[in-house]
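Subject: Structure handover

Hello,

Here is the structure I said I would pass on. My notes on it follow below the display.

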Amino acid sequence: MGLKYVIAGSGATGGSIGAFLAADGQDVTFLARGAQLEALREKGISVKHSAKGDFTVCPVKASTMDEYQEGPDVIFVCVKNYSLEDVIALAKRVGSPETVAIPILNIYGTGERMQKELPQMTVTDGCIYIPAHVSAPGEITLGGDIFRVVYGLRPGQEPGEIPLRKLSQVKQDLDHAGISGEYSDNIRRDTFKKFMYTSPMAAAGEYFHALSGDFQQEGEPRETFIAMDKELLRLSEAMGLGVPKDMVEVNLKILAGLSPEAGTSMQRDIAKGGKSEIAGLVYAVEDMAAAYHVDMPVYHKVIEGLKARGLK
């Protein structure tokens with residue numbers, strides 16, 4: 001019998017995961033709101049420019065978090081950090097000791113924070129690699145073939161046999177659906193590797209009002225990105241994470257492959273005048289640096305500049 005999946009947050013990342021799984025015949029419920037929810041209910045979900053071509057899944061199961069009443073096997077947590085409490089409330093209501101939650105937020109340590117509030121279930125840590133954006137309500141456009149979901153248990157976690165079996169099944173389901181599922185044996189390291197790209201890119205991008213093209217050429221934005229990434233590498237060493245020493249060069253190669261017009265979701269949120277993930281994605285780095293006694297002057301300069309603008 002297959003797993004019952006819930007996609008908590010059906011934007012670009014969650015919508016992509018749910019669409020691929022649903023297209024492969026998995027039991028998927030999309031949790032959304034507003035125009036996205038309306039579109040999902042009326043015309044399903046469409047994916048453009050995927051490695052397997054354009055496709056649409058219709059009909060799909062879609063509801064608000066408040067409306068959802070089933071008992072899921074797996075909750076993919078794909079909301080922004082400022083909506084995380086809504087998902088925790090959902091998990092408390094519908095979760096059980098056999099439920100598994102897989103957060104793929106950009107904020108480092110999300111799974112550990114969630115686990116403290118959800119002691120009755122298994123919460124992993126995780127991250128996602130996918131160039132995607134919501135191009136219209138109910139429609140997601142991919143900007144490349146990379147689609148990888150990394151997840152795993154933290155040191156000391158000892159879930160029961162059923163959650164472990166479900167975590168193994170998730171990888172099989174992702175792989176079969178055309179998503180590269182990676183069950184990590186060092187998730188603290190692997191999620192920090194992703195954080196080493198998303199945090200300085202968002203911070204320096206907003207600080208300089210810069211897009212990918214500005215970081216792909218020589219100049220102050222690129223040099224600042226490199227300096228911040230080197231500071232994060234030193235922080236990872238202090239944390240004992242085992243991050244590869246060439247991670248800065250790896251991130252520059254990722255950056256080189258982006259469209260010059262690409263920005264970050266944090267920049268887009270700030271430009272709209274709404275909530276953003278700046279606290280967890282950028283400002284939290286200073287708390288981590290203080291906890292591990294690592295001097296990070298470039299991060300400090302950028303953070304002070306962002307706070308001076310009143311960004312919270």
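His 49 is exposed, because its relative accessible area is 52% and the cut-off for exposed is over 50%. This residue sits in the loop between strand E3 (45-48) and strand E4. Its phi is near 65 degrees, a positive value in a residue that is not glycine. Please keep in mind that this is a predicted model.

A second histidine has a positive phi as well: for His 293 the angle is about 55 degrees, again in a residue that is not a glycine. His 293 is in the loop between H11 and H12. With a relative accessible area of 74%, His 293 is exposed. For background, most residues other than glycine have a negative phi, and most peptide bonds are trans.

The backbone also has a cis peptide bond, which runs from Cys 58 to Pro 59 with omega near 0 degrees. Pro 59 belongs to the loop between strand E4 (55-57) and strand E5 (61-63).

Overall dimensions and composition

The protein has 12 helices and 13 strands. Its radius of gyration is 19 Å, which agrees with the value near 20 Å that a compact globule of 312 residues would have. Along the principal axes, the C-alpha atoms fill a box of roughly 50 × 40 × 35 Å. Of the 312 residues, 54% count as buried. The exposed area is about 13800 Å², and carbon and sulfur atoms supply 51% of that area.

Among contacts with a separation of 6 or more, 70% are between residues 24 or more positions apart. On charge, there are 33 positive and 41 negative side chains, and the centres of these two sets lie 1 Å apart.

Nonpolar cores

In soluble globular proteins, nonpolar side chains tend to be buried together. The largest nonpolar core in this model has 41 residues. Those with the most contacts inside it are Phe 192, Phe 225, Leu 232, Leu 235, Ile 278, Val 282 and Met 296. At least two residues of this core come from each of helix H6 (187-208), helix H8 (220-239), helix H9 (247-256), helix H10 (265-272), helix H11 (278-291) and helix H12 (297-308). H6 gives the most, with eight residues.

What does Leu 232 touch, not counting residues up to four places away in sequence? Its partners are Phe 192, Phe 195, Met 196, Pro 200, Val 285, Met 296 and Tyr 299.

A second, separate core has 38 residues, including Val 57, Leu 153, Val 170 and Leu 174.

Individual residues

Glu 206 is in helix H6. Is this glutamate buried or exposed? Glu 206 is buried, because its relative accessible area of 7% falls under the 20% cut-off. Not counting residues up to four places away in sequence, Glu 206 touches Met 266, Gln 267, Ile 270, Leu 306, Arg 309 and Leu 311.

Gly 18 is part of helix H1 (residues 12-23) and counts as buried at 0% relative accessibility. Leaving aside neighbours within four places in sequence, Gly 18 is in contact with Ile 7, Val 28 and Phe 30. From Gly 18 to Gln 157 the C-alpha to C-alpha distance is 27 Å, with the two positions 139 residues apart in sequence terms.

Thr 99 lies in a loop, between helix H3 (84-94) and strand E7 (100-103), yet counts as buried at 1% relative accessibility. Its contacts, leaving aside neighbours within four places in sequence, are Pro 72, Asp 73, Ile 75, Met 121 and Thr 122. Thr 99 and Gly 71 are 28 residues apart in sequence, and their C-alpha atoms are 8.2 Å apart in space.

Asp 66 is in the loop between E5 and strand E6 (74-77). At a relative accessible area of 67%, Asp 66 is exposed. The C-alpha atoms of Asp 66 and Asp 86 are separated by 9.4 Å, and the two residues are 20 apart along the chain.

Regards

Key. Residues are numbered from 1 along each chain as its sequence is written. This is a predicted model: local features need pLDDT of at least 70, side-chain atom pairs count only at pLDDT 80 or more; totals for chains, interfaces and linings use all residues. Side-chain values use heavy atoms; hydrogens and water are left out. Helices (H or I, at least four residues) and strands (E, at least two) are DSSP runs, numbered from the N terminus. The radius of gyration is taken over C-alpha atoms; the globule rule is 2.2 Å times the number of residues to the power 0.38. Buried means under 20% relative accessible area, exposed over 50%, partly exposed in between (1.4 Å probe, protein chains only). Contact means heavy atoms within 4.5 Å. Accessible areas come from the Shrake-Rupley method with a 1.4 Å probe; for residues, only the protein chains shown count as cover. Lys and Arg count as positive and Asp and Glu as negative; His and the chain ends are not counted. The place of a charge is taken as NZ of Lys, CZ of Arg, CG of Asp or CD of Glu. A nonpolar core is a set of buried Ala, Val, Leu, Ile, Met, Phe, Trp, Tyr and Cys residues joined through side-chain atoms within 4.5 Å.
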